[in-house]
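I opened the model with my notebook beside me. Here is what I looked up, entry by entry.

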Amino acid sequence: MASTCDICAKGPSFGKSVSHSHRRASRRWNPNIQSVRTVIKGTSKRVNVCTSCLKAGKVSTLGA
């Protein structure tokens, strides 16, 4: 699944994980993306939405 939100375009953040001995390795923090069925322009579509957009009510879900 794509790790970007279709509503706010939130994507992964990149950084380093640092061990106790301070060795650094690359890592990424993915947003919590959910596949949600919603109505867009009269038709039901499946969109990828982050949970912060869902909780803010930016997307109305079907069946909930």
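**Entry 1: Thr38.** I began with a polar contact: the side chain of Thr38 reaches the backbone oxygen of Ser60 at 2.6 Å. I noted the rule for a polar contact: a pair of N or O atoms within 3.5 Å, where within protein one must be able to donate a hydrogen and the other to accept it, and residues adjacent in sequence count only if both atoms are side-chain atoms.

This is a predicted model, where local features need pLDDT of at least 70, side-chain atom pairs count only at pLDDT 80 or more, and totals for chains, interfaces and linings use all residues. Residues are numbered from 1 along each chain as its sequence is written, and side-chain values use heavy atoms, with hydrogens and water left out.

Is Thr38 buried or exposed? I found a relative accessible area of 5%, so Thr38 is buried. Buried means under 20% relative accessible area, exposed over 50%, and partly exposed in between, with a 1.4 Å probe and protein chains only. I then listed contacts (heavy atoms within 4.5 Å). Beyond its neighbours within four places in sequence, Thr38 touches Thr43, Ser44, Lys45, Val47, Val59, Ser60 and Leu62.

**Entry 2: the strands.** Thr38 sits in strand E3, residues 33-40. Strands (E, at least two residues) are DSSP runs, numbered from the N terminus. E3 pairs with E4 in the antiparallel sense over eight bridges. Two strands pair if DSSP finds at least two bridges between them. I picked out one bridge: Ile40 has Thr43 in E4 as its partner. Two residues lie between the strands of this hairpin, and Lys41 takes a positive phi near 55°.

I checked another pair. E1 (residues 13-18) and E2 (residues 24-29) are antiparallel over six bridges. Their hairpin has five residues between the strands, and His22 in the turn has a positive phi of about 65°.

**Entry 3: Cys50 and the core.** Cys50 belongs to strand E4, residues 43-50. Its relative accessibility is 1%, so Cys50 counts as buried. Setting aside neighbours within four places in sequence, Cys50 contacts Cys5, Cys8, Lys10, Asn32 and Ile33.

Which residues make up the largest nonpolar core? I found eight: Cys5, Ile33, Val36, Val47, Val49, Cys50, Cys53 and Val59. E4 gives the largest share of this core, three residues. A nonpolar core is a set of buried Ala, Val, Leu, Ile, Met, Phe, Trp, Tyr and Cys residues joined through side-chain atoms within 4.5 Å.

Last, I looked up a distance: Cys50 and His22 are 28 residues apart in sequence and 32 Å apart in space, C-alpha to C-alpha.

Methods
Helix = DSSP H or I, 4+ residues; strand = E, 2+ residues; numbered from the N terminus.
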